[in-house]
Every structure is written in structure tokens, then in C-alpha cells.
Amino acid sequence: MAVSGVSGGMPSQSEASRNTFAKDLDTFLLLLTTQLKHQDPLNPMDSHEFTNQLVQFAQVEQSININRNLEDLLVLNKSSLGVSALGYLGRTIQVISSAFPLQDGFGKFAYFLPEEAATAVISIQDLDGNIVHTISGEVAPGRHVFDWDGKTQDGRQLPDGVYILNVTAFSAESGAMLEVVTVAFGIATGVASEGDQIAIALGDIVVPIENVLAVHTNETIAKNNPPGGGDNGATPPDDTQP
């Protein structure tokens, strides 16, 4: 995957407005010159009204030019963002996502609890919806990081690819189900541009660049925890903080 050019073909909103404005102005000037041509020399038409209309046209044209300049700035900003995203390639990144990659037989993910939970159960599914592994999660509020060795509950090694993370947690105080944010770790393999979106690929997983929480300088995912185990709520290094 590579950064593509800015999508073309369809005119921008400012360009469409400019075309409409040009037609309206041509029509107005045609009517004005026709009126001036056929006016009574002894009773000339009042210039106040069409002078005001010319001023209004000038103001509209100025607004269109401002919008066009803003659109140009947005395009430049997007191009700059796409180029800077190329620096992610080959590096380990963290992204907000329920899908995470198993790369070279290793997967890493995290989740955030807004408050203390009575229970937290982590289930990993394949793309067919089959639960391949279940882990008892940490219940303290905050961030928890887990490593997975890519093995099923009975020890069978699964192929690299995309897997889905589900964390079900219930509040220790109210018993209500908690809203859990999940984070995937993976090595960035591509950058793509489509329309006004810049996306980062972790293998077959593609996420918007705004979902990126952190970029690590190392080119491999650190294995801090035993396969299938948790970090017991330990605070991660500063460079992993979202």
C-alpha cells in the first residue's frame, strides 16, 4: 500500500461556486449594459441600485476566493500528513481497534476500563466468529496490556492474520456493563490515501490515522508478558502511553 494522490475528477465546492458566480455575473452585466444602452438620455437610470449589486458581487467573489484558499490549505495539510505517516512503516504502533493482527505468531493488545470491574473476560475470535481463546482480564480501572501467543485454548497454533478482541466487563459498583476501549498493537505495513482519509495498515487491518495512539521506535513488538497473560495493571513505559 502506498500514499496515493488527492482524488480528482469531481470539482471542489469552491470551484463549483466560482462557475455559478461567473454565469450570474455575466448575466448581470449583460442586463446592465442592455439597460444602459436603451435608457432615456433625458432621464438616465439611477446608478445607486446596480452599484450596490456590483459591490455584492465583489463580496461574493471574495468569499469564494477565501474558501478556495482554505481548500488548498486542507489539501496541503493532508499531503503533509500522508508523507509524515510514511514514517510509521515498519514500526510498532498502537491503534484504537477491536481487530488486531497476529504477526509472526504473536499478538498484543490492550484495553481500558473506566472504573473498577467486578469481572472482565477477554475473548479472541477469528474472522468466522469462532472463539479461539478466552482469558480472565484484570479488573482495576485503567489500562491493561496482554500478549497472546496465537494458540487456541487447547494449545493449537493459529495462522497469522486478523483476530477480533472482545472484552466484557461489569461494574463492581453498579453491576452495569462497562464501555471498554480496546487497542491493537501491530507493525505498520502500509499507508493509504482515499478521498480525505489517511489510513494505516497493520497487515490486513486498516484504520484511520486519527486512531493511532502511539508509535514505537522499535521494529518488533516487545513481549513483556507471558503468552495469554496480563501485566496485572502495571504502568507501561512512557513511550506507550496514548
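Q: What makes I122, S123, I124, W148, K151, T152 and Q153 contacts of H133?
A: Contact means heavy atoms within 4.5 Å, and H133 touches these seven-named residues, I122, S123, I124, W148, K151, T152 and Q153, not counting residues up to four places away in sequence. The model is predicted, with local features needing pLDDT of at least 70 and side-chain atom pairs pLDDT 80 or more, while totals for chains, interfaces and linings use all residues. Residues are numbered from 1 along each chain as its sequence is written, and side-chain values use heavy atoms, without hydrogens and water.Q: Why is H133 called buried?
A: Buried means under 20% relative accessible area, exposed over 50% and partly exposed in between, with a 1.4 Å probe and protein chains only. H133 has a relative accessible area of 12%, so H133 is buried.

Q: What makes the approach of the H133 side chain to the backbone oxygen of K151 a polar contact?
A: A polar contact is a pair of N or O atoms within 3.5 Å; within protein, one must be able to donate a hydrogen and the other to accept it, and residues adjacent in sequence count only if both atoms are side-chain atoms. The side chain of H133 reaches the backbone oxygen of K151 at 3.1 Å.

Q: Why are β2 and β5 called edge strands?
A: Strands are DSSP runs (E, at least two residues), numbered from the N terminus, and two of them pair if DSSP finds at least two bridges between them. The open sheet has the order β2-β7-β4-β5 with antiparallel pairing. β2 (99-102) and β5 (131-136) each have a single partner strand, so one side of each lacks a neighbour in the sheet.

Q: How do you know that β2 pairs with β7?
A: The criterion is at least two bridges, and four bridges join β2 to β7, which run antiparallel. In β7, Y163 is the bridge partner of F100.

Q: What makes K108 and D147 a salt bridge?
A: A salt bridge is a side-chain nitrogen of Lys or Arg within 4 Å of a carboxyl oxygen of Asp or Glu. The closest N and O atoms of K108 and D147 are 2.8 Å apart, and the pair forms a salt bridge. K108 lies in strand β3 (residues 107-113) and D147 in strand β6 (residues 142-148), 39 residues apart. A search of the whole structure finds one salt bridge.

Q: Why do K108 and D147 count as buried?
A: K108 has a relative accessible area of 3%, so K108 is buried. D147 is at 0% and therefore counts as buried too.

Notes: Residues numbered from 1 in each chain as written. Heavy atoms only, no water.
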